[in-house]
Amino acid sequence: MVTETIKEEPVNNGAAEETSKKAAKKAAKDAVKAAKKAEHKAAVAGAVGPSGGSNDDAGADGVDYAAARYGAMKMIQSAEKFIERVFVKVSDLSQSAKDAEVWVRGRVHTSRCKGKQCFLVLRQQSSTVQCLLAVNDVVSKQMVKFSGSIPRESIIDLKAKVIPVEQRIESCTEQTLELHVLELFLLSAAKAQLPLQIEDASRSEKSDDPEALKIRVNQDTRLDNRVLDLRTPANQAIFRLEAVVCRLFRDVLTAQGFTEIHTPKIISAASEGGANVFTVSYFKDSAYLAQSPQLYKQMAIAADFDKVFTVGAVFRAEDSNTHRHLTEFVGLDLEMAFKYHYHEVMDTIGNTFTEIFKGLRDSYAKEIAAVGQQYNVEPFKFLEPPLKLEFAQAVAMLREAGVQMDDEEDLSTPSEKLLGRLVKAKYDTDFYMLDKFPLAVRPFYTMPDPVNQKYSNSYDMFMRGEEILSGAQRIHDPEYLIERAKLHGIDLSKIAAYIDAFRYGCPPHAGGGIGMERVVMLYLGLDNIRKTSMFPRDPKRLTP
């Protein structure tokens, strides 16, 4: 045995003695800490069951009696079907009988644990329900603890009893019942630290209550973390309403004999002869992203389809960073042959809007109310049939309000908004049609007015003072089209294919293009089109 002799130096001063005492205290403290850590580690190693919960309250045999009823599931790779688990939607729970046992899947919206109880709010899309875990002969303390440790936004499956409650649960959409949890399994865990809280992103922006929380999530944070932001009740409602607008557009026109067509988005020349196009590489050549499906709609009319519409992406390379412009949006376009007057088409479009507005108002009040919980949503007003004004009347109204403008001057954005307010005050409508625009402010292919050549057979439609459709009777005679193109200084070689489409006989026709996101934004009275584009594209945003 080898021993080591340590030579001790005599301590000759009080300072050294004080240092030695501090060191001894620290060593003792560290030793206690280490002992506790070792004890905890040993306890965890011996107590963690297959569910991942700790067995502080294990039964007499040392086993967590609820271990099989909770825990983290293995990643679902379609190995098992669990056909015995019949899932119920949160929104349908009120139809379940008292004490009925149901399976529900959702996200952990919030959780609050204290002692032997844990309250969870389970969210499924826009529906929420309160869930209770309390220690009993089915639920162990470890199961309660495990439930309280699940991060917000994680996805769980749970089996529970439906229990009616006497006092309404105001914080949930299901206010007359709660779920008493019997089994709980974690399917997909969210990160513990979220870039934004759903509660903050859902907070009302219209509260005047001085006591209300003023926490707001700014637009860039929302868009950078769009997957989280889209989970808010308002966003869930907004994008369901968008789907409804597209469906109603299709249904209304299909019922009137329209055919849905699909047009190319990669084209050889700018759709409308403009410069605001995105250029893409096309093998050894260049191509463009379509600004509009107009040429192809007109070609379909020339091909005897009579009435057509299309729903698809439209691209505009405009460096506009405004509240209402996107570089990519969903276009709802239609074109229609008429007998003798383009008002046949104009009225068809106006009535289509009326049917869309009625469908939203009559069948989707719940979704509109969900948006109204967060944003100031003024009810949208419209007349049946829609109000139709001529451009000259609009100019007169604006001049009367103090705006100075020429007869053939286009409406500026401020003038559009003012006109919307004037129309609302005089006619009590948020939607109107403006006919007979000056020919000078319309594209070369627009048919001039037959009586007054200063004006044209063209129209715009407005919601809450903002344009949502621009349309016109198109020139269908190739020689007249060439004449008009020359007057506009357009290179005929670049529009040869367009002109040729009318050389084999084409009926008179008119149409228009609608921006879907703008329609939803204005119907709901929202302040920014990025709120109605699921993954918006503008000059400064190309992700996510």
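Is Val 138 buried, partly exposed or exposed? At 26% relative accessibility, Val 138 is partly exposed, because the buried class ends at 20% and the exposed class starts over 50%. The views below are all taken from a predicted model.

**View 1. Val 138 lies in the loop between β4 and α2.** Outside its neighbours within four places in sequence, Val 138 touches Tyr 65, Ala 66, Arg 69, Met 143 and Leu 182. Leu 182 is 44 residues from Val 138 in sequence, yet the two C-alpha atoms are 6.8 Å apart. Another of these partners, Met 143, is a buried residue of helix α2.

**View 2. Helix α2 spans residues 141-148 and has a buried set of residues.** The buried residues are Gln 142, Met 143, Val 144, Phe 146 and Ser 147. Strands take part in covering them: β1 (70-72), β2 (101-114), β3 (117-124), β4 (127-134) and β6 (177-188) are included in the cover.

**View 3. Cys 113 and Cys 118 are joined by a disulfide.** The two sulfur atoms are 2.4 Å apart, and a search of the whole structure finds one disulfide. The link between Cys 113 and Cys 118 is left-handed, with -60 degrees about the S-S bond. Its two ends differ in accessibility: Cys 113 is partly exposed at 39%, whereas Cys 118 is buried at 0%.

**View 4. Cys 131 takes part in no disulfide.** The nearest cysteine sulfur to that of Cys 131 belongs to Cys 172, 8.2 Å away. Why is there no bond between the sulfur of Cys 172 and that of Cys 131? At 8.2 Å, the sulfur of Cys 172 is too far from that of Cys 131 for a bond; a disulfide needs the sulfur atoms within 2.5 Å. Both residues are buried, Cys 131 with a relative accessibility of 0% and Cys 172 with 3%.

**View 5. The largest nonpolar core of the model has 53 residues.** The residues with the most contacts inside this core are Phe 353, Phe 431, Tyr 459, Met 461, Met 463, Ile 468 and Leu 524. Helix α6 (residues 233-255) gives the largest share of the core, 11 residues. A second core, separate from this one, has 27 residues. Among them are Ala 66, Val 102, Cys 118 and Ile 150. Two of these names appear in earlier views: Ala 66 is in contact with Val 138, and Cys 118 is one end of the disulfide.

**View 6. Helices α10 and α11 cross at roughly 90 degrees.** Helix α10 covers residues 391-400 and helix α11 covers residues 413-427, and their axes come within 10 Å. The crossing angle makes α10 roughly perpendicular to α11. On the α10 side the contact is made by Ala 394, Met 397 and Leu 398. On the α11 side it is made by Ser 415, Leu 418, Leu 419, Leu 422, Val 423 and Lys 426.

**View 7. Over residues 1-11 and again over residues 42-56, pLDDT stays under 50.** For residues 1-11 the model has two contacts beyond four places in sequence. For residues 42-56 the model has 21 such contacts. Where pLDDT is low, the predicted coordinates should not be read in detail. Across the chain the average pLDDT is 90, and 88% of the residues score at least 70.

Technical notes:
Residues are numbered from 1 along each chain as its sequence is written. This is a predicted model: local features need pLDDT of at least 70, side-chain atom pairs count only at pLDDT 80 or more; totals for chains, interfaces and linings use all residues. Side-chain values use heavy atoms; hydrogens and water are left out. Buried means under 20% relative accessible area, exposed over 50%, partly exposed in between (1.4 Å probe, protein chains only). pLDDT is the predictor's confidence in each residue, from 0 to 100. Contact means heavy atoms within 4.5 Å. A nonpolar core is a set of buried Ala, Val, Leu, Ile, Met, Phe, Trp, Tyr and Cys residues joined through side-chain atoms within 4.5 Å. Helices (H or I, at least four residues) and strands (E, at least two) are DSSP runs, numbered from the N terminus. Axes are lines fitted to C-alpha atoms, for helices over the stretch in contact, and angles run from 0 to 180 degrees between N-to-C directions. Angles under 35 degrees count as roughly parallel, over 145 as roughly antiparallel, 65 to 115 as roughly perpendicular and the rest as oblique.
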